[in-house]
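Let us walk through this structure together, one region at a time. Please have the sequence and the 3D view open as you read.

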Amino acid sequence: MTITHPSTDILILGSGASGAAVACRLSKSGFNVVCLEQGRWIKPEEFPNEHADWEIQARTNWAFDPNVRALDVDYPLNVDESPIDPLMFNAVGGSTIHWTAHTPRFHPSDFRVKTLDGVADDWPLSYDELEPYYDAYDALMGCSGINGDPANPPRKERPMPPIPIGQDGERMARAFDRLGWHWWPSDSYVNSVPYRGRQACNNCGNTGLGCSRGAKGQTDVAIWPEAIANGVELRTESRVFRVETDAEGKATGASYYDADGEENFQPANAVVLAMNGIGSPRIMLNSTSGAYPNGLCNSSGLLGKNLMFHPYAMVSGLFDDGLQTYKGPLANMILCQEFYETDPSKDFVRGYTYQVARSSGPVSTACGYMFGRVPWGADHHAEFNRRFGDVTVMGVIGEDLPEEHNRIELDPKLTDSNGIPSPKVFYTLSDNSRRQLDDAVENAKTALKEAGAAHVLATRLLKGAGWHLMGTARMGADPNTSVVDRWGQTHDADNIFVVDGSVFVTCAAVNPTPTIGALALRTADYIDRERADLKS
Amino acid sequence: MNLTDGEFLLLASVMDIIVPPVDELPGAGEMGLAKEAEELAARIPEYGESLHRILEALSLEPSVRVEGGFAALDEEQRMAAIEILEANMSKYFDKFVDLIYIVYYSDERVHERIGWRSGPLQPLGWELPAWDPAILDKVSKREPFWRRV
Ligand SMILES: Cc1cc2nc3c(=O)[nH]c(=O)nc-3n(C[C@H](O)[C@H](O)[C@H](O)COP(=O)(O)OP(=O)(O)OC[C@H]3O[C@@H](n4cnc5c(N)ncnc54)[C@H](O)[C@@H]3O)c2cc1C
């Protein structure tokens with residue numbers, strides 16, 4: 001028998017980067033808000049960085065890849081048709097538990113790629129419209145960084161000064177200077193000083209495994225405490241399987257399984273989907289009804305399509321000066337945007353960012369996450385000693401363009417532990433992205449050699465790099481070519497909103513989360529301003 | 001995953017070849033790490049499968065099917081037998097090597113040898129030199145070059 005709860009104004013599905021932002025913003029405006037989250041709260045002492053076996057946990061129960069973790073709370077993904085594995089985390093805080101919190105913004109040009117370069121589509125909004133929401137999200141999550149970057153428009157002072165870039169960062173910065181290339185200290189949602197009751201980072205290194213100090217902007221510590229204090233109900237271990245609608249296609253609420261596997265129904269005046277660029281289209285595709293035979297709000301037929309990752313190449317330099325490059329937050333050092341824009345002399349459009357990153361502990365070194373696996377046998381120890389603490393990485397974040405054949409569908413067989421169909425991912429690397437990555441690899445080799453690397457090794461496409469999930473319920477003015485409008489409201493139902501990376505029209509050449517957060521706050525602002533009808 | 005006594009001994013001797021002795025440390029097998037490898041393989045199916053397949057293939061490898069098995073081979077012959085698996089079963093072999101590296105480089109004796117501080121990363125963290133804005137001298141003089149729209 002279904003358990004039915006009292007109705008709420010706004011029902012948010014997912015508690016990660018986007019869901020938390022909407023909850024917090026609307027909770028200040030007198031809306032009743034309930035958030036359903038399939039995961040649970042993680043206690044600080046559970047994070048691997050508190051345990052001696054953290055490198056084992058990083059490869060098992062805390063792996064980035066849900067198919068490797070394979071916990072009950074995760075849903076498996078069929079990745080047979082994808083050269084890139086999607087990564088995510090399922091708990092209060094969502095993937096911000098795992099993320100490395102490198103937080104550059106889109107450039108103004110990223111919203112106008114059709115006009116400027118004749119590819120993909122323009123966004124139905126501009127950088128200027130989003131800018132105040134970027135600032136607001138930076139303030140909520142806590143951004144460390146410094147003004148004056150010549151590659152980006154001037155902006156408001158960051159809430160915190162930059163985190164130290166370390167000697168390894170300085171070495172790369174000087175190399176970029178000598179080459180005459182751009183570089184800048186990375187914006188990071190990592191506290192350089194204590195911020196809003198959370199401690200400063202102490203450079204332990206593994207930002208990607210959850211921060212027990214609360215020094216990283218994870219929504220479980222940066223946003224949820226405030227939202228809950230404002231009256232939001234965050235209901236954990238609640239796995240949504242369908243958004244329910246009436247005969248006209250308007251949302252009436254969502255059905256979910258609780259921790260005991262019982263079916264529940266949460267009625268609501270409006271539903272906000274925030275389960276990420278794969279989780280939201282998955283549940284929307286599963287929400288078929290008389291009004292929506294092909295999936296929730298899918299009159300355009302584009303739901304689940306145009307999936308973008310940032311195909312990621314990794315170029316690693318092996319140095320010989322013993323800088324102990326495992327000291328400091330893993331992926332928060334400096335970035336280079338010299339090759340960000342379309343260059344007509346090249347054989348591809350759009351461009352890429354270099355995210356300069358550090359190395360990690362002994363297991364990672366031996367297994368070769370940063371510089372290929374150390375050979376076994378007689379040479380093993382000498383090779384390990386050469387590599388350990390001596391690797392600096394240039395990660396390439398290339399702008400992937402949307403293509404309809406890159407998509408998710410519901411797998412006919414695979415399900416999660418509640419029997420909800422799993423997504424199947426179909427993705428092919430485009431020629432444009434391939435050429436972009438090839439160019440980036442060659443330039444990275446130049447930079448690393450300039451910095452003094454004795455050896456350089458390139459991974460031209462990293463498989464376990466699907467950390468950015470975008471495009472599967474795209475935004476646009478035309479209901480025939482997009483799923484949501486410029487406010488994140490679906491074209492098909494005025495009380496269903498999508499606020500995660502699904503709504504991206506294009507993905508730029510930067511990590512997406514500040515943009516996801518800014519868009520989510522903008523949608524929440526819109527609901528507050530224009531949709532008093534959703535308040536009971 | 002429960003290994004038979006024979007499989008366990010085979011694993012330990014292969015581990016000694018994969019990670020041989022160094023300084024005062026014996027090889028990974030002689031350090032007693034086969035137990036850890038077996039336990040981890042039991043927890044994680046993909047390591048379990050690799051371990052199982054590699055040990056099975058090794059015991060069926062013609063050069064190993066001699067009296068005394070793998071242990072009776074000299075070092076060169078052992079290396080050759082392992083190299084055949086590496087060439088023919090690379091997917092499983094890679095995971096198998098990962099498994100051995102994971103348990104080896106999680107061991108405190110190894111940490112001490114390589115100069116790594118054992119234990120959790122927190123609460124100690126690491127010291128980094130403080131942020132020095134002088135490093136921006138050159139790049140901050142560059143004219144803004146972001147593309148106007
Ligand atoms: C290892 C890693 C490193 C990353 N590093 C960076 C970085 O440096 N910079 C950057 O910008 N981005 C980074 N990202 C990406 C970033 O984490 C995401 O862009 C961001 O968290 C997405 O926010 P979201 O709200 O869309 O989804 P998520 O944060 O993924 O949250 C979705 C939530 O929905 C819940 N959910 C899903 N399905 C259901 C269901 N059926 N019922 C109930 N709840 C459900 C999930 O449990 C989860 O909590 C990284 C990601 C990973 C995995």
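Which helices and strand of chain A each supply at least two residues of the shell around the ligand? They are helix H1 (17-27), strand S7 (239-245), helix H9 (276-286) and helix H13 (513-530) of chain A. Helices (H or I, at least four residues) and strands (E, at least two) are DSSP runs, numbered from the N terminus. This is a predicted model, in which local features need pLDDT of at least 70 and side-chain atom pairs count only at pLDDT 80 or more, while totals for chains, interfaces and linings use all residues. Residues are numbered from 1 along each chain as its sequence is written, and chains are lettered from A and ligands numbered from 1 in the order in which they are written.

Staying with the ligand, 43 residues surround it, a residue being near a molecule or strand if its C-beta atom, placed from the backbone, lies within 6 Å of it. The closest are Gly14(A), Gly16(A), Gly94(A), Asp500(A) and Thr513(A). By class, the shell has 18 nonpolar, 22 polar and three charged residues; Ala, Val, Leu, Ile, Met, Phe, Trp, Tyr, Cys and Pro count as nonpolar, Asp, Glu, Lys and Arg as charged, and the others, Gly among them, as polar.

H9(A) also leads us to a sheet. Three strands of chain A form this open sheet, in the order S4-S15-S14 and with mixed pairing; two strands pair if DSSP finds at least two bridges between them. Strand S4 (78-81) and strand S14 (407-415) of chain A each have a single partner strand, so one side of each is left without a neighbour in the sheet. S14(A) runs antiparallel to strand S15 (residues 421-426) of chain A, joined by five bridges, and Arg407(A) has Phe426(A) as its bridge partner in S15(A). H9(A) packs on this sheet, touching S14 and S15 of chain A, at about 65 degrees to S14(A). Here contact means that the C-beta atoms of two residues, placed from the backbone, lie within 7 Å. Axes are lines fitted to C-alpha atoms, for helices over the stretch in contact, and angles run from 0 to 180 degrees between N-to-C directions.

Next comes an open sheet of six strands in chain A, with the order S5-S11-S12-S13-S10-S16 and antiparallel pairing. Strand S5 (184-185) and strand S16 (455-459) of chain A stand at its edges. Two bridges link S5(A) with strand S11 (residues 334-336) of chain A, and Trp184(A) faces Leu335(A) across that pair.

Now look at where the chains meet. The contact takes 54 residues from chain A and 39 residues from chain B. On the chain B side, H5(B) gives the largest share, four residues. That side divides into 26 nonpolar, seven polar and six charged residues.

Gly377(A) gives a close-up of the two chains together. Leaving aside its neighbours within four places in sequence, Gly377(A) is in contact with Ile17(B), Ile18(B), Pro20(B) and Met79(B). Gly377(A) sits in the loop between helix H10 (362-367) and helix H11 (380-387) of chain A. Is Gly377(A) buried or exposed? Gly377(A) is partly exposed because 15 other C-beta atoms lie within 10 Å; 20 or more would make a residue buried and 12 or fewer exposed, with partly exposed in between and C-beta atoms placed from the backbone.
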